[in-house]
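Visitor: Please take one part of this model and go through it closely, contact by contact. Then follow the connections outward as far as they are useful.

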Amino acid sequence: MDKVNFTELANSEIRSLSPYQPGKPIDELAREFNLNPDDVVKLASNENPMGPSDKALLAIKAGLNNLTRYPDGNGYELKLALSNKLSIDIEQITLGNGSSDILEFIVKCFVSKEDEVIVSQHAFAIYGLVTQVVGGRVVQVPAKNWGHDLDAMADAVTDKTKIIFVTNPNNPTGTWNSKKQLEAFLKKVPANVVVLLDEAYFEYVDETEYPSGLEYLQAFPNLVVTRTFSKAYGLAALRVGYGVCSSEIANLMNRVRPPFNVDTLALAAATACLKDANYVKQSKELNDSGLAQLQAGFEQLNLSWIPSVGNFICFSIPGRAMQIFQGLLSLGVIVRPVANYEMPDHLRVSVGTQFENQKFLLALKNLLEA
Ligand SMILES: *Cc1c(COP(=O)(O)O)cnc(C)c1O
């Protein structure tokens, strides 16, 4: 048989795509450097260092009895719990296999070849990826002090613009936009352009001027808010997140959503965890003290950082970021290079437990003083 070049056969959009680069898994690093996996500290993917809620684990055990059945394709129990907790209608909710799923649905619903999607410089990479897959054009607006310049983003709208992605707070910079900024932005954006407000780190923020996107849904039917169980709810492995918007847009997303996109154990765990307010409170407290610990450490080492309200923080080591990243790996500490976010002098570290943060800071100190 003739050898077929499948890469040439693939859609051109796919050929020019580079895959999303996830944080290095613990086992992979342990194999490479001959380390004990238990000694490796992974602070690379903004995961919750507490481990999941006990309530989630119990729900998963109970769910094990149901593995031969398809999941509830409507995710009724979880939607009901979300609807009660957030005071929204069930019809406004779309469940995703992670909130990344929702980002993809919204693009599939609205973006065709040559359409434009606006993102901020230094914003989460997935937006660009899902847009390129459908042949959309990514318009990147320069950041201001590492954060989203919402005014400039609204000004970048053309008659080809379909979606504007706003991340609040942003990953990887940890910057955030205020109520006043968001309101002015929403008023400025034409009503026929969808605003996707990604609130993956919502639960960690307690600045008084930090807005909840849900409060603007009524006034702005073009708004879609996404949140996730991967971060403050500690369920990254289970892949569950959600979008909240008008029932009309939710209905459209439901047409592109694969049936059974959220599995039985994920639904059960997320529903249980949502009711465990204490777990999120503890996660936040651990994060607050961890952020303070890391900042104090950076200060001692004379390193500058970008103030963050997320569960991660970017610090700067001009000219040496990759060298320090590699050095940290060899010492069993995984952080995240952000050169692909146009931040070649920074590294992003996720907030871990006190012990993990300490191990990271010590390793960093050793490398800087070597
Ligand atoms: C982690 C993250 C998400 C959530 O991803 P999931 O698919 O829900 O795990 C979404 N947006 C941003 C900016 C993130 O950092």
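Guide: In this predicted model, His-122 touches Ala-143, Trp-146, Asn-170, Asn-171, Pro-172, Thr-173, Tyr-341, Glu-342 and Met-343, leaving aside residues up to four places away in sequence. His-122 itself sits in the loop between β3 (116-120) and α7 (126-133). With a relative accessible area of 7%, His-122 is buried, because the cut-off for that class is under 20%. Its side chain also makes a polar contact: the side chain of His-122 reaches the backbone oxygen of Tyr-341 at 2.8 Å.

Several of these neighbours have backbone features of their own. Most residues other than glycine have a negative phi, and most peptide bonds are trans. Trp-146, one of the residues touched by His-122, has a positive phi of about 75 degrees and is not a glycine. Trp-146 belongs to the loop between β4 (137-141) and α8 (150-155). Its relative accessibility is 33%, so Trp-146 counts as partly exposed, whereas His-122 is buried.

Asn-171 and Pro-172, also among the contacts of His-122, are joined by a cis peptide bond with omega about 15 degrees. Pro-172 lies in the loop between β5 (161-167) and α9 (179-188). Pro-169 is found in the loop between β5 and α9 as well, and a cis peptide bond links Asn-168 to Pro-169, with omega about -5 degrees.

Positive phi values occur elsewhere too. Arg-239, in the loop between β7 (223-228) and β8 (241-244), has phi near 60 degrees, a positive value in a residue other than glycine. Its relative accessibility of 29% makes Arg-239 partly exposed. Ser-87, which follows α5, has a positive phi near 55 degrees.

That leads to the helix α5 (residues 76-86) and its packing against α11 (residues 264-274). Two packed helices are described by the angle between their axes and the distance between the axes. For α5 and α11 the angle is about 20 degrees and the axes are 9 Å apart. The two helices are therefore roughly parallel, as the angle is under 35 degrees. The crossing of α5 past α11 is left-handed.

On the α5 side the contact involves Glu-77, Leu-78, Ala-81, Leu-82 and Lys-85; on the α11 side it involves Leu-267, Ala-270, Thr-271 and Leu-274. By class, the contact residues are six nonpolar, one polar and two charged. An α-helix has 3.6 residues a turn, so residues three or four places apart point the same way.

Burial extends beyond this contact. In α5 the buried residues are Leu-78, Lys-79, Ala-81, Leu-82, Ser-83 and Leu-86, and these pack against β2 (93-96), β7, β8 and α11. Helix α11 is mostly covered, with 10 of its 11 residues buried. Among them are Leu-267, Ala-270, Thr-271 and Leu-274, which also meet α5. The buried residues of α11 pack against α4 (54-63), α5, β2 and α12 (277-300). At the N-terminal end of α11, Asp-263 acts as a cap, with a side-chain oxygen 2.8 Å from the backbone nitrogen of Leu-265.

Note on methods
Residues are numbered from 1 along each chain as its sequence is written. This is a predicted model: local features need pLDDT of at least 70, side-chain atom pairs count only at pLDDT 80 or more; totals for chains, interfaces and linings use all residues. Side-chain values use heavy atoms; hydrogens and water are left out. Axes are lines fitted to C-alpha atoms, for helices over the stretch in contact, and angles run from 0 to 180 degrees between N-to-C directions. Helices (H or I, at least four residues) and strands (E, at least two) are DSSP runs, numbered from the N terminus. Angles under 35 degrees count as roughly parallel, over 145 as roughly antiparallel, 65 to 115 as roughly perpendicular and the rest as oblique. A crossing is left-handed if the near helix is turned anticlockwise from the far one by less than a right angle, and right-handed if clockwise. Contact means heavy atoms within 4.5 Å. Ala, Val, Leu, Ile, Met, Phe, Trp, Tyr, Cys and Pro count as nonpolar, Asp, Glu, Lys and Arg as charged, and the others, Gly among them, as polar. Buried means under 20% relative accessible area, exposed over 50%, partly exposed in between (1.4 Å probe, protein chains only). A polar contact is a pair of N or O atoms within 3.5 Å; within protein, one must be able to donate a hydrogen and the other to accept it, and residues adjacent in sequence count only if both atoms are side-chain atoms.
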